[in-house]
Amino acid sequence: MSPRELRRHCALDDDGERVLETAIERLHLSARSYGRVLRIARTVADLSGEPRIGAGHVAEAVQYRPLEGLPCF
């Protein structure tokens with residue numbers, strides 16, 4: 001998805017925005033990681049049947065990020 005499509009399709013509610021901002025600050029997410037988290041959160045919200053991405057969707061998406069220094073299998 002392009003940045004424009006991310007803004008259009010990955011609308012966050014207020015709590016979701018706060019969780020994502022906190023994750024960006026604490027985990028030092030890059031712009032690329034930010035987009036990945038948003039896309040995963042959109043998928044989680046879709047699977048829940050929710051039109052907007054909430055805090056729980058963002059938190060779950062952040063959990064799927066690989067840990068630094070560990071190999072991805």
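The following dialogue discusses how to read several features of a predicted model.

Colleague: How many helices and strands does the protein chain have, and in what order do the elements run from the N terminus?

Modeller: Since this is a predicted model, the reading concerns computed features. The protein chain has 4 helices and 0 strands, and its elements run α-α-α-α from the N terminus on. The radius of gyration is 12 Å, close to the 11 Å given by the globule rule for 73 residues, so the chain is as compact as a globular protein of that length.

Colleague: What box do the C-alpha atoms fill, and what share of the residues counts as buried?

Modeller: Along the principal axes, the C-alpha atoms of the protein chain fill a box of roughly 35 × 25 × 25 Å. Of the 73 residues, 29% count as buried.

Colleague: How should one read a salt bridge, and how many are counted here?

Modeller: The criterion is a side-chain nitrogen of Lys or Arg within 4 Å of a carboxyl oxygen of Asp or Glu. By this rule the count comes to 2 salt bridges. One joins the side chains of Asp15 and Arg18, at 2.3 Å from N to O. The other joins the side chains of Arg42 and Asp46, at 2.9 Å from N to O.

Colleague: Where do Arg42 and Asp46 lie, and how many residues apart are they?

Modeller: Both Arg42 and Asp46 belong to helix α3, where they are 4 residues apart, about one turn of the helix. For the other pair, Asp15 and Arg18 are 3 residues apart in helix α2 and therefore separated by about one helical turn.

Colleague: Is Arg42 buried or exposed?

Modeller: A residue is called buried under 20% relative accessible area. Arg42 counts as buried because its relative accessibility is 9%, whereas its partner Asp46 is partly exposed at 48%. In the α2 pair, Asp15 is partly exposed with a relative accessible area of 40%, and Arg18 is partly exposed at 48%.

Colleague: Which residues gather in a patch of negative charge on the surface?

Modeller: The patch consists of Asp14, Glu17, Glu21 and Glu25. Asp14 lies in helix α2, which covers residues 14–27. With 55% relative accessibility, Asp14 counts as exposed, the cut-off for that class being over 50%.

Colleague: Where does Arg52 lie?

Modeller: Arg52 is in the loop between α3 (31–48) and α4 (55–63), and it counts as partly exposed at 44% relative accessibility. Arg52 and Gly35 are 17 residues apart in sequence, and their C-alpha atoms are 16 Å apart in space.

Notes. Residues numbered from 1 in each chain as written. Predicted model: local features only at pLDDT ≥ 70, side-chain atom pairs only at ≥ 80, totals over all residues. Heavy atoms only, no water. Patch = residues over 30% accessible without salt bridge, like charges linked within 9 Å, V, L, I, M, F, W, Y side chains within 5 Å. Areas by Shrake-Rupley, 256 points an atom, 1.4 Å probe, with all protein chains shown as cover. Lys, Arg positive; Asp, Glu negative; His and termini not counted. Charge placed at Lys NZ, Arg CZ, Asp CG, Glu CD. Helix = DSSP H or I, 4+ residues; strand = E, 2+ residues; numbered from the N terminus. Buried < 20%, exposed > 50% of the residue type's maximum accessible area, 1.4 Å probe, protein only. Rg over C-alpha atoms; globule rule 2.2 N^0.38 Å.
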